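Visitor: I am new to this structure. Please take me through the surroundings of the ligand, then the charged pairs.

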Amino acid sequence: MSTPALKIYNTLTRTKEEFRPLDPANVRMYVCGPTVYDYAHIGNARPLIVFDVLFRLLRHLYGAEHVTYVRNITDVDDKINARAAERGISIRELTEETNKVFQADVKALGCLEPTMQPRATDHIAQMIAIIERLIASGHAYAADGHVLFDVPSMPNYGRLSRRSLDEMIAGARVDVAPYKRGDMDFVLWKPSKENEPGWDSPWGRGRPGWHIECSAMSWAHLGETFDIHGGGIDLVFPHHENEIAQSCCAFDRDVMANYWMHNGFLQVEGEKMSKSLGNFVTIHELLHTEKFGGRKWPGVVLRYAMLTTHYRQPIDWTVERLKVSLKHLNDMYDRTRHAKTGACPNERVIQALRDDLNTHEVVVALGKLVGDAFREAKFSDELLATCAFLGLDLEELDPKKTIVSETQMLIETRIEDRLAARASKNWAESDRIRDELTAMGIILKDHKDGATTWEVKR
Ligand code: AMP
Ligand code: ZN
(Lines give C-alpha, C1' and ligand atoms only; values in the text may rest on other atoms or scores of the structure.)
(Ligands and ions follow the chains in the order given, each with its own letter.)
Protein backbone atom coordinates (compact mmCIF):
# COMPACT_ATOMS: atom_id res chain seq x y z
CA MET A 1 0.00 0.00 0.00
CA SER A 2 1.49 3.36 -0.90
CA THR A 3 0.52 6.27 1.29
CA PRO A 4 1.19 9.93 0.63
CA ALA A 5 4.14 11.37 2.50
CA LEU A 6 3.84 12.75 5.97
CA LYS A 7 6.78 14.56 7.51
CA ILE A 8 7.18 14.99 11.22
CA TYR A 9 9.85 16.57 13.36
CA ASN A 10 11.44 13.88 15.47
CA THR A 11 12.93 15.03 18.79
CA LEU A 12 15.18 11.92 18.72
CA THR A 13 17.03 13.09 15.61
CA ARG A 14 16.19 16.82 15.79
CA THR A 15 15.16 16.68 12.14
CA LYS A 16 12.00 16.57 10.08
CA GLU A 17 11.67 13.02 8.83
CA GLU A 18 9.43 11.12 6.51
CA PHE A 19 6.99 9.11 8.61
CA ARG A 20 7.14 5.35 7.98
CA PRO A 21 4.90 3.34 10.27
CA LEU A 22 6.01 -0.10 11.43
CA ASP A 23 2.72 -1.45 10.12
CA PRO A 24 0.55 0.82 7.91
CA ALA A 25 -2.44 -1.36 8.83
CA ASN A 26 -1.98 -0.41 12.47
CA VAL A 27 -0.37 2.97 13.05
CA ARG A 28 0.25 3.35 16.78
CA MET A 29 0.52 6.54 18.84
CA TYR A 30 0.88 7.10 22.58
CA VAL A 31 0.45 10.48 24.26
CA CYS A 32 1.01 11.14 27.96
CA GLY A 33 -2.33 12.08 29.49
CA PRO A 34 -3.38 14.04 32.56
CA THR A 35 -2.70 13.40 36.22
CA VAL A 36 -6.24 13.73 37.48
CA TYR A 37 -5.93 15.74 40.69
CA ASP A 38 -7.13 19.12 39.47
CA TYR A 39 -8.80 20.78 36.48
CA ALA A 40 -6.66 20.94 33.35
CA HIS A 41 -5.41 24.37 32.31
CA ILE A 42 -5.31 25.71 28.78
CA GLY A 43 -1.58 24.86 28.54
CA ASN A 44 -2.51 21.21 29.10
CA ALA A 45 -5.01 21.62 26.25
CA ARG A 46 -2.20 22.19 23.78
CA PRO A 47 -1.01 18.56 23.49
CA LEU A 48 -4.65 17.40 23.55
CA ILE A 49 -5.51 19.52 20.51
CA VAL A 50 -2.21 19.06 18.64
CA PHE A 51 -2.24 15.27 18.88
CA ASP A 52 -5.95 15.18 18.09
CA VAL A 53 -5.16 16.95 14.82
CA LEU A 54 -2.43 14.39 14.15
CA PHE A 55 -4.86 11.55 14.99
CA ARG A 56 -7.36 12.97 12.50
CA LEU A 57 -4.66 13.31 9.83
CA LEU A 58 -3.40 9.75 10.37
CA ARG A 59 -6.97 8.45 10.12
CA HIS A 60 -7.37 10.37 6.88
CA LEU A 61 -4.11 9.01 5.43
CA TYR A 62 -4.23 5.41 6.67
CA GLY A 63 -7.96 4.85 7.27
CA ALA A 64 -9.78 5.33 10.56
CA GLU A 65 -9.63 1.65 11.47
CA HIS A 66 -5.86 1.52 10.93
CA VAL A 67 -4.85 3.97 13.64
CA THR A 68 -4.60 3.28 17.37
CA TYR A 69 -4.27 6.26 19.66
CA VAL A 70 -3.66 5.68 23.37
CA ARG A 71 -3.81 8.54 25.88
CA ASN A 72 -3.45 7.43 29.48
CA ILE A 73 -5.00 8.66 32.69
CA THR A 74 -2.57 8.91 35.60
CA ASP A 75 -4.71 8.11 38.62
CA VAL A 76 -1.96 7.22 41.09
CA ASP A 77 0.41 10.01 42.06
CA ASP A 78 1.55 11.82 45.20
CA LYS A 79 -0.21 15.02 44.09
CA ILE A 80 -3.46 13.05 44.00
CA ASN A 81 -2.88 11.71 47.53
CA ALA A 82 -2.11 15.17 48.86
CA ARG A 83 -5.13 16.82 47.22
CA ALA A 84 -7.55 14.11 48.35
CA ALA A 85 -6.31 14.48 51.94
CA GLU A 86 -6.60 18.28 51.71
CA ARG A 87 -10.19 18.05 50.52
CA GLY A 88 -11.11 15.23 52.90
CA ILE A 89 -12.35 12.95 50.13
CA SER A 90 -11.19 9.55 48.93
CA ILE A 91 -8.65 9.21 46.13
CA ARG A 92 -11.23 7.44 44.01
CA GLU A 93 -13.74 10.29 44.46
CA LEU A 94 -11.09 12.86 43.51
CA THR A 95 -9.87 11.04 40.40
CA GLU A 96 -13.42 10.21 39.24
CA GLU A 97 -14.58 13.80 39.64
CA THR A 98 -11.48 15.26 37.96
CA ASN A 99 -11.61 12.78 35.12
CA LYS A 100 -15.26 13.60 34.45
CA VAL A 101 -14.46 17.30 34.08
CA PHE A 102 -11.41 16.44 31.96
CA GLN A 103 -13.49 14.33 29.56
CA ALA A 104 -16.08 17.11 29.24
CA ASP A 105 -13.30 19.68 28.62
CA VAL A 106 -11.58 17.70 25.84
CA LYS A 107 -14.92 17.02 24.19
CA ALA A 108 -15.72 20.73 24.24
CA LEU A 109 -12.35 21.35 22.57
CA GLY A 110 -13.50 19.24 19.62
CA CYS A 111 -11.15 16.31 20.27
CA LEU A 112 -12.08 12.81 19.17
CA GLU A 113 -11.97 10.16 21.85
CA PRO A 114 -8.67 8.28 21.67
CA THR A 115 -8.94 4.59 20.80
CA MET A 116 -8.09 3.81 24.41
CA GLN A 117 -7.70 5.75 27.66
CA PRO A 118 -6.05 3.28 30.02
CA ARG A 119 -5.81 4.05 33.72
CA ALA A 120 -2.55 3.53 35.57
CA THR A 121 -4.24 1.71 38.47
CA ASP A 122 -5.49 -0.95 36.02
CA HIS A 123 -1.91 -1.73 34.93
CA ILE A 124 -0.08 -2.40 38.18
CA ALA A 125 0.56 -6.03 37.14
CA GLN A 126 2.31 -4.90 33.93
CA MET A 127 4.39 -2.37 35.89
CA ILE A 128 5.52 -5.10 38.28
CA ALA A 129 6.32 -7.38 35.32
CA ILE A 130 8.54 -4.71 33.71
CA ILE A 131 10.31 -4.00 37.01
CA GLU A 132 10.99 -7.72 37.49
CA ARG A 133 12.52 -7.91 34.02
CA LEU A 134 14.70 -4.89 34.76
CA ILE A 135 15.96 -6.43 37.99
CA ALA A 136 16.62 -9.75 36.25
CA SER A 137 18.66 -8.08 33.50
CA GLY A 138 20.71 -5.99 35.94
CA HIS A 139 19.11 -2.63 35.10
CA ALA A 140 17.34 -2.14 38.42
CA TYR A 141 17.86 -2.93 42.07
CA ALA A 142 15.70 -3.17 45.18
CA ALA A 143 16.76 -1.29 48.30
CA ASP A 144 14.77 -0.42 51.40
CA GLY A 145 11.35 -1.25 49.92
CA HIS A 146 12.21 0.86 46.87
CA VAL A 147 13.19 -0.30 43.43
CA LEU A 148 15.44 2.00 41.44
CA PHE A 149 16.52 2.09 37.83
CA ASP A 150 20.28 1.84 37.61
CA VAL A 151 21.01 4.67 35.16
CA PRO A 152 24.73 3.92 34.52
CA SER A 153 23.70 0.39 33.43
CA MET A 154 22.32 1.87 30.22
CA PRO A 155 25.14 3.14 28.00
CA ASN A 156 23.03 5.42 25.79
CA TYR A 157 20.89 6.93 28.53
CA GLY A 158 20.32 10.60 27.64
CA ARG A 159 19.91 10.02 23.91
CA LEU A 160 16.56 11.79 23.62
CA SER A 161 17.45 14.83 25.69
CA ARG A 162 21.06 14.78 24.45
CA ARG A 163 22.63 15.09 27.84
CA SER A 164 25.57 13.15 29.14
CA LEU A 165 25.37 11.53 32.52
CA ASP A 166 28.10 13.81 33.90
CA GLU A 167 26.21 16.92 32.78
CA MET A 168 23.04 15.61 34.34
CA ILE A 169 24.68 14.90 37.65
CA ALA A 170 26.29 18.33 37.68
CA GLY A 171 22.97 20.02 36.86
CA ALA A 172 20.71 18.02 39.12
CA ARG A 173 19.52 18.91 42.56
CA VAL A 174 20.92 15.68 43.82
CA ASP A 175 18.49 13.79 45.94
CA VAL A 176 20.72 12.13 48.53
CA ALA A 177 18.40 9.25 49.38
CA PRO A 178 20.49 6.63 51.19
CA TYR A 179 19.05 3.76 49.16
CA LYS A 180 20.29 5.18 45.84
CA ARG A 181 23.48 3.79 44.29
CA GLY A 182 23.83 6.51 41.67
CA ASP A 183 22.71 10.14 41.80
CA MET A 184 20.57 9.89 38.67
CA ASP A 185 18.91 6.58 39.54
CA PHE A 186 15.15 7.02 39.53
CA VAL A 187 12.30 5.33 41.33
CA LEU A 188 10.36 2.50 39.73
CA TRP A 189 8.55 1.42 42.88
CA LYS A 190 8.27 2.90 46.37
CA PRO A 191 6.79 1.75 49.66
CA SER A 192 3.38 3.03 50.77
CA LYS A 193 2.43 4.00 54.27
CA GLU A 194 -0.77 2.61 55.78
CA ASN A 195 -2.83 5.62 54.66
CA GLU A 196 -1.38 5.75 51.15
CA PRO A 197 -2.66 3.74 48.18
CA GLY A 198 -0.62 0.61 47.73
CA TRP A 199 -0.45 -2.76 46.01
CA ASP A 200 1.26 -5.97 47.07
CA SER A 201 4.48 -6.59 45.18
CA PRO A 202 7.63 -8.70 45.51
CA TRP A 203 9.14 -5.65 47.29
CA GLY A 204 6.33 -5.18 49.79
CA ARG A 205 3.21 -3.06 49.69
CA GLY A 206 3.89 -0.01 47.57
CA ARG A 207 3.08 2.07 44.53
CA PRO A 208 4.71 2.81 41.18
CA GLY A 209 6.86 5.77 40.20
CA TRP A 210 5.43 8.05 37.51
CA HIS A 211 7.62 7.00 34.55
CA ILE A 212 6.94 3.27 34.80
CA GLU A 213 3.22 3.89 34.34
CA CYS A 214 3.64 5.01 30.73
CA SER A 215 6.06 2.19 29.88
CA ALA A 216 3.47 -0.31 31.17
CA MET A 217 0.43 1.22 29.47
CA SER A 218 2.10 1.72 26.09
CA TRP A 219 3.40 -1.86 26.22
CA ALA A 220 -0.02 -3.25 27.16
CA HIS A 221 -1.85 -1.49 24.34
CA LEU A 222 0.72 -0.83 21.62
CA GLY A 223 3.46 -3.41 22.12
CA GLU A 224 7.18 -3.23 22.86
CA THR A 225 7.89 -0.83 19.99
CA PHE A 226 5.42 1.53 18.34
CA ASP A 227 5.37 4.52 16.02
CA ILE A 228 4.75 7.87 17.70
CA HIS A 229 5.15 9.03 21.28
CA GLY A 230 3.99 12.54 22.14
CA GLY A 231 3.65 15.10 24.91
CA GLY A 232 4.70 18.59 25.90
CA ILE A 233 8.35 19.65 25.58
CA ASP A 234 8.76 19.63 29.38
CA LEU A 235 8.34 15.86 29.32
CA VAL A 236 11.51 15.20 27.27
CA PHE A 237 13.55 15.08 30.46
CA PRO A 238 13.22 13.25 32.71
CA HIS A 239 9.88 11.60 31.90
CA HIS A 240 10.40 10.46 28.32
CA GLU A 241 14.09 9.75 28.79
CA ASN A 242 13.16 7.44 31.65
CA GLU A 243 10.32 5.78 29.74
CA ILE A 244 12.83 4.96 27.00
CA ALA A 245 15.33 3.59 29.54
CA GLN A 246 12.71 1.35 31.15
CA SER A 247 11.12 0.03 27.96
CA CYS A 248 14.31 -0.46 25.94
CA CYS A 249 16.11 -2.23 28.79
CA ALA A 250 13.11 -4.37 29.79
CA PHE A 251 12.44 -5.58 26.26
CA ASP A 252 16.02 -5.49 25.02
CA ARG A 253 15.12 -3.16 22.16
CA ASP A 254 16.97 -0.21 20.64
CA VAL A 255 13.86 1.90 20.41
CA MET A 256 10.65 2.35 22.33
CA ALA A 257 8.96 4.59 19.74
CA ASN A 258 10.42 5.62 16.39
CA TYR A 259 9.13 9.21 16.41
CA TRP A 260 9.05 11.48 19.46
CA MET A 261 6.94 14.61 19.08
CA HIS A 262 6.77 17.50 21.53
CA ASN A 263 4.60 20.57 21.59
CA GLY A 264 6.03 23.92 22.71
CA PHE A 265 4.80 25.81 25.73
CA LEU A 266 1.72 27.88 26.03
CA GLN A 267 2.90 31.01 27.79
CA VAL A 268 1.54 33.95 29.72
CA GLU A 269 3.69 37.03 29.42
CA GLY A 270 6.70 34.99 28.37
CA GLU A 271 6.39 32.37 31.10
CA LYS A 272 5.17 28.80 30.83
CA MET A 273 1.60 28.48 32.06
CA SER A 274 1.76 26.10 34.99
CA LYS A 275 0.00 25.15 38.16
CA SER A 276 3.09 25.79 40.24
CA LEU A 277 3.54 29.37 38.97
CA GLY A 278 -0.16 30.03 39.57
CA ASN A 279 -0.46 31.85 36.22
CA PHE A 280 -3.03 29.47 34.79
CA VAL A 281 -6.58 29.56 33.49
CA THR A 282 -8.46 26.29 33.39
CA ILE A 283 -10.24 25.05 30.29
CA HIS A 284 -13.36 24.81 32.43
CA GLU A 285 -13.15 28.51 33.40
CA LEU A 286 -12.68 29.61 29.81
CA LEU A 287 -15.70 27.60 28.70
CA HIS A 288 -18.07 28.29 31.57
CA THR A 289 -17.17 31.54 33.33
CA GLU A 290 -16.54 35.11 32.33
CA LYS A 291 -13.19 35.45 34.09
CA PHE A 292 -11.08 35.73 30.94
CA GLY A 293 -11.90 38.76 28.79
CA GLY A 294 -15.34 39.17 30.35
CA ARG A 295 -17.09 36.42 28.39
CA LYS A 296 -17.42 32.69 27.95
CA TRP A 297 -15.45 31.23 25.07
CA PRO A 298 -16.91 28.41 22.97
CA GLY A 299 -14.58 25.39 22.70
CA VAL A 300 -14.25 25.94 18.95
CA VAL A 301 -12.64 29.35 19.58
CA LEU A 302 -10.10 27.86 22.02
CA ARG A 303 -9.29 25.11 19.54
CA TYR A 304 -8.86 27.44 16.58
CA ALA A 305 -6.79 29.89 18.64
CA MET A 306 -4.44 27.05 19.56
CA LEU A 307 -4.00 26.09 15.91
CA THR A 308 -3.04 29.56 14.73
CA THR A 309 0.55 28.94 15.90
CA HIS A 310 2.70 26.00 14.81
CA TYR A 311 2.76 23.37 17.55
CA ARG A 312 6.51 23.55 18.18
CA GLN A 313 6.55 27.32 18.65
CA PRO A 314 5.72 28.91 21.96
CA ILE A 315 2.24 30.43 21.96
CA ASP A 316 1.25 33.50 23.95
CA TRP A 317 -2.23 33.14 25.39
CA THR A 318 -4.07 36.46 25.20
CA VAL A 319 -7.66 37.68 25.04
CA GLU A 320 -6.71 39.42 21.81
CA ARG A 321 -5.89 36.06 20.20
CA LEU A 322 -9.31 34.74 21.19
CA LYS A 323 -11.07 37.81 19.81
CA VAL A 324 -9.31 37.53 16.46
CA SER A 325 -10.07 33.78 16.37
CA LEU A 326 -13.75 34.43 17.07
CA LYS A 327 -13.87 36.91 14.22
CA HIS A 328 -12.29 34.45 11.75
CA LEU A 329 -14.66 31.72 12.89
CA ASN A 330 -17.73 33.94 12.59
CA ASP A 331 -16.74 34.65 8.98
CA MET A 332 -16.38 30.90 8.37
CA TYR A 333 -19.74 30.27 10.03
CA ASP A 334 -21.33 32.90 7.83
CA ARG A 335 -19.92 31.32 4.65
CA THR A 336 -20.99 27.77 5.56
CA ARG A 337 -24.45 28.43 6.94
CA HIS A 338 -26.24 26.96 3.93
CA ALA A 339 -23.36 24.85 2.65
CA LYS A 340 -23.90 21.17 1.91
CA THR A 341 -22.11 18.36 3.73
CA GLY A 342 -20.22 15.60 1.95
CA ALA A 343 -17.46 17.58 0.18
CA CYS A 344 -13.76 16.69 0.57
CA PRO A 345 -11.47 18.69 2.84
CA ASN A 346 -9.29 21.27 1.10
CA GLU A 347 -6.17 19.75 -0.44
CA ARG A 348 -3.92 22.66 0.55
CA VAL A 349 -4.93 22.12 4.17
CA ILE A 350 -4.08 18.41 3.99
CA GLN A 351 -0.73 19.27 2.35
CA ALA A 352 0.06 21.78 5.08
CA LEU A 353 -0.71 19.24 7.80
CA ARG A 354 1.48 16.65 6.09
CA ASP A 355 4.35 19.06 6.53
CA ASP A 356 4.85 18.52 10.28
CA LEU A 357 1.34 19.80 11.10
CA ASN A 358 1.82 23.25 9.68
CA THR A 359 -1.40 24.63 11.15
CA HIS A 360 -0.31 28.21 10.56
CA GLU A 361 -0.48 27.44 6.84
CA VAL A 362 -3.85 25.74 7.46
CA VAL A 363 -5.19 29.02 8.86
CA VAL A 364 -3.96 30.85 5.74
CA ALA A 365 -5.70 28.28 3.50
CA LEU A 366 -8.95 28.63 5.48
CA GLY A 367 -8.72 32.40 5.08
CA LYS A 368 -8.43 31.98 1.32
CA LEU A 369 -11.55 29.76 1.22
CA VAL A 370 -13.50 32.34 3.23
CA GLY A 371 -12.25 35.21 1.04
CA ASP A 372 -13.25 33.37 -2.15
CA ALA A 373 -16.68 32.57 -0.76
CA PHE A 374 -17.33 36.21 0.13
CA ARG A 375 -16.10 37.43 -3.25
CA GLU A 376 -18.27 34.98 -5.12
CA ALA A 377 -21.17 35.55 -2.70
CA LYS A 378 -21.62 31.81 -2.18
CA PHE A 379 -21.59 29.26 0.61
CA SER A 380 -18.58 26.95 0.57
CA ASP A 381 -19.13 23.19 0.86
CA GLU A 382 -15.35 22.71 0.83
CA LEU A 383 -14.89 25.08 3.76
CA LEU A 384 -17.55 23.22 5.75
CA ALA A 385 -15.87 19.87 5.06
CA THR A 386 -12.44 21.25 5.96
CA CYS A 387 -13.67 22.66 9.27
CA ALA A 388 -15.36 19.35 10.10
CA PHE A 389 -12.12 17.53 9.28
CA LEU A 390 -10.18 19.84 11.61
CA GLY A 391 -12.69 19.31 14.43
CA LEU A 392 -13.96 22.90 14.22
CA ASP A 393 -17.69 22.75 14.96
CA LEU A 394 -18.92 26.10 13.62
CA GLU A 395 -22.46 25.41 14.84
CA GLU A 396 -21.23 26.32 18.32
CA LEU A 397 -21.28 29.91 17.09
CA ASP A 398 -25.01 29.82 16.36
CA PRO A 399 -26.37 32.59 18.61
CA LYS A 400 -29.55 30.59 19.25
CA LYS A 401 -27.51 27.75 20.70
CA THR A 402 -25.66 30.13 22.98
CA ILE A 403 -28.98 31.43 24.29
CA VAL A 404 -30.22 27.89 24.96
CA SER A 405 -27.09 26.90 26.83
CA GLU A 406 -27.07 30.15 28.84
CA THR A 407 -30.69 29.57 29.87
CA GLN A 408 -29.86 26.03 30.92
CA MET A 409 -26.98 27.28 33.02
CA LEU A 410 -29.25 29.86 34.65
CA ILE A 411 -31.86 27.22 35.52
CA GLU A 412 -29.22 24.91 36.93
CA THR A 413 -27.69 27.68 39.01
CA ARG A 414 -31.11 28.54 40.46
CA ILE A 415 -31.72 24.85 41.27
CA GLU A 416 -28.41 24.79 43.14
CA ASP A 417 -29.42 27.95 45.02
CA ARG A 418 -32.70 26.28 45.93
CA LEU A 419 -30.95 23.11 47.14
CA ALA A 420 -28.69 25.27 49.29
CA ALA A 421 -31.75 27.09 50.71
CA ARG A 422 -33.38 23.74 51.51
CA ALA A 423 -30.22 22.44 53.13
CA SER A 424 -30.34 25.39 55.53
CA LYS A 425 -34.11 24.85 55.99
CA ASN A 426 -34.92 28.20 54.39
CA TRP A 427 -38.25 26.97 52.98
CA ALA A 428 -39.50 30.44 52.04
CA GLU A 429 -36.49 31.03 49.77
CA SER A 430 -36.80 27.53 48.34
CA ASP A 431 -40.47 28.16 47.44
CA ARG A 432 -39.65 31.56 46.03
CA ILE A 433 -37.08 30.06 43.63
CA ARG A 434 -39.55 27.34 42.63
CA ASP A 435 -42.19 30.01 41.84
CA GLU A 436 -39.69 32.09 39.92
CA LEU A 437 -38.82 29.11 37.70
CA THR A 438 -42.51 28.14 37.31
CA ALA A 439 -43.15 31.65 36.02
CA MET A 440 -40.47 30.97 33.37
CA GLY A 441 -42.29 27.77 32.37
CA ILE A 442 -39.84 25.46 34.16
CA ILE A 443 -41.25 22.63 36.28
CA LEU A 444 -39.05 21.23 39.05
CA LYS A 445 -39.20 17.64 40.27
CA ASP A 446 -37.72 16.72 43.64
CA HIS A 447 -36.57 13.12 43.88
CA LYS A 448 -36.26 10.83 46.89
CA ASP A 449 -32.45 10.77 46.67
CA GLY A 450 -32.35 14.55 47.16
CA ALA A 451 -31.71 15.41 43.53
CA THR A 452 -33.86 17.90 41.61
CA THR A 453 -34.51 17.66 37.89
CA TRP A 454 -36.37 20.04 35.62
CA GLU A 455 -38.48 20.08 32.49
CA VAL A 456 -40.19 22.65 30.31
CA LYS A 457 -43.96 23.02 30.95
CA ARG A 458 -45.94 21.87 27.90
P1 AMP B 1 1.02 17.65 33.39
O2 AMP B 1 -0.36 17.51 33.99
O3 AMP B 1 1.83 18.77 33.93
O4 AMP B 1 1.76 16.33 33.33
O5 AMP B 1 0.78 18.06 31.86
C6 AMP B 1 -0.01 17.33 30.95
C7 AMP B 1 0.44 17.65 29.55
O8 AMP B 1 0.33 19.06 29.31
C9 AMP B 1 1.88 17.29 29.27
O10 AMP B 1 2.00 16.81 27.94
C11 AMP B 1 2.62 18.60 29.43
O12 AMP B 1 3.81 18.64 28.71
C13 AMP B 1 1.60 19.56 28.85
N14 AMP B 1 1.76 20.95 29.33
C15 AMP B 1 1.76 21.37 30.63
N16 AMP B 1 1.90 22.71 30.70
C17 AMP B 1 1.98 23.16 29.42
C18 AMP B 1 2.11 24.47 28.83
N19 AMP B 1 2.16 25.58 29.54
N20 AMP B 1 2.16 24.53 27.46
C21 AMP B 1 2.08 23.43 26.71
N22 AMP B 1 1.95 22.17 27.20
C23 AMP B 1 1.90 22.03 28.54
ZN1 ZN C 1 4.17 9.43 30.00
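Guide: Here is the ligand site, followed by the salt bridges.

This is a predicted model, in which local features need pLDDT of at least 70, side-chain atom pairs count only at pLDDT 80 or more, and totals for chains, interfaces and linings use all residues. Residues are numbered from 1 along each chain as its sequence is written, chains are lettered from A and ligands numbered from 1 in the order in which they are written, and side-chain values use heavy atoms, with hydrogens and water left out.

Start with the overall layout. The protein is divided into domain 1 (23–263), domain 2 (266–397) and domain 3 (401–456). These bounds come from an automatic or database domain assignment. Between the C-alpha centres of domain 1 and domain 3 the distance is 43 Å.

Now the ligand. Ligand 1 is surrounded by 14 residues. A residue counts as near when one of its heavy atoms lies within 4 Å. The closest are Gly 43, Gly 232, Asp 234, Leu 266 and Met 273. Domain 1 (23–263) and domain 2 (266–397) each supply at least three residues of the shell. By class, the shell holds 5 nonpolar, 7 polar and 2 charged residues. Here Ala, Val, Leu, Ile, Met, Phe, Trp, Tyr, Cys and Pro are nonpolar, Asp, Glu, Lys and Arg are charged, and the others, Gly among them, are polar.

Look at the polar atoms next. A polar side-chain atom of Asp 234 sits 2.4 Å from an oxygen atom of ligand 1. Two backbones also take part. A polar backbone atom of Leu 266 is 2.7 Å from a nitrogen atom of ligand 1. For Gly 43, a polar backbone atom is 3.2 Å from a nitrogen atom of the ligand. Taken alone, ligand 1 exposes 490 Å², and the protein buries 86% of that. The areas come from the Shrake-Rupley method with a 1.4 Å probe; for residues, only the protein chains shown count as cover.

On to the charged pairs. Side chains of opposite charge can pair when their charged atoms come close. A salt bridge is a side-chain nitrogen of Lys or Arg within 4 Å of a carboxyl oxygen of Asp or Glu. By this rule there are 32 salt bridges.

Take Asp 75 and Arg 119. Their side chains form a salt bridge, 3.3 Å from N to O. The pair links distant parts of the chain, 44 residues apart. Asp 75 is in the loop between strand E4 (67–71) and helix H2 (78–87), while Arg 119 is in the loop between helix H3 (91–108) and helix H4 (124–136). Helices (H or I, at least four residues) and strands (E, at least two) are DSSP runs, numbered from the N terminus. Both Asp 75 and Arg 119 are buried. Buried means under 20% relative accessible area, exposed over 50%, and partly exposed in between (1.4 Å probe, protein chains only).

Another pair is Lys 378 and Glu 376, whose side chains meet at 3.1 Å, N to O. Lys 378 is partly exposed because its relative accessible area is 38%. Glu 376 is partly exposed because its relative accessible area is 49%.

Asp 446 also has a partner, Arg 422, with the closest N and O atoms 3.8 Å apart. Asp 446 lies in strand E14 (residues 442–446) and Arg 422 in helix H14 (residues 399–423), 24 residues apart. Asp 446 counts as partly exposed, at 34% relative accessibility. Arg 422 counts as partly exposed too, at 28%.

How values were computed:
Polar contact = N/O pair within 3.5 Å; in protein donor to acceptor, adjacent residues only side chain to side chain.
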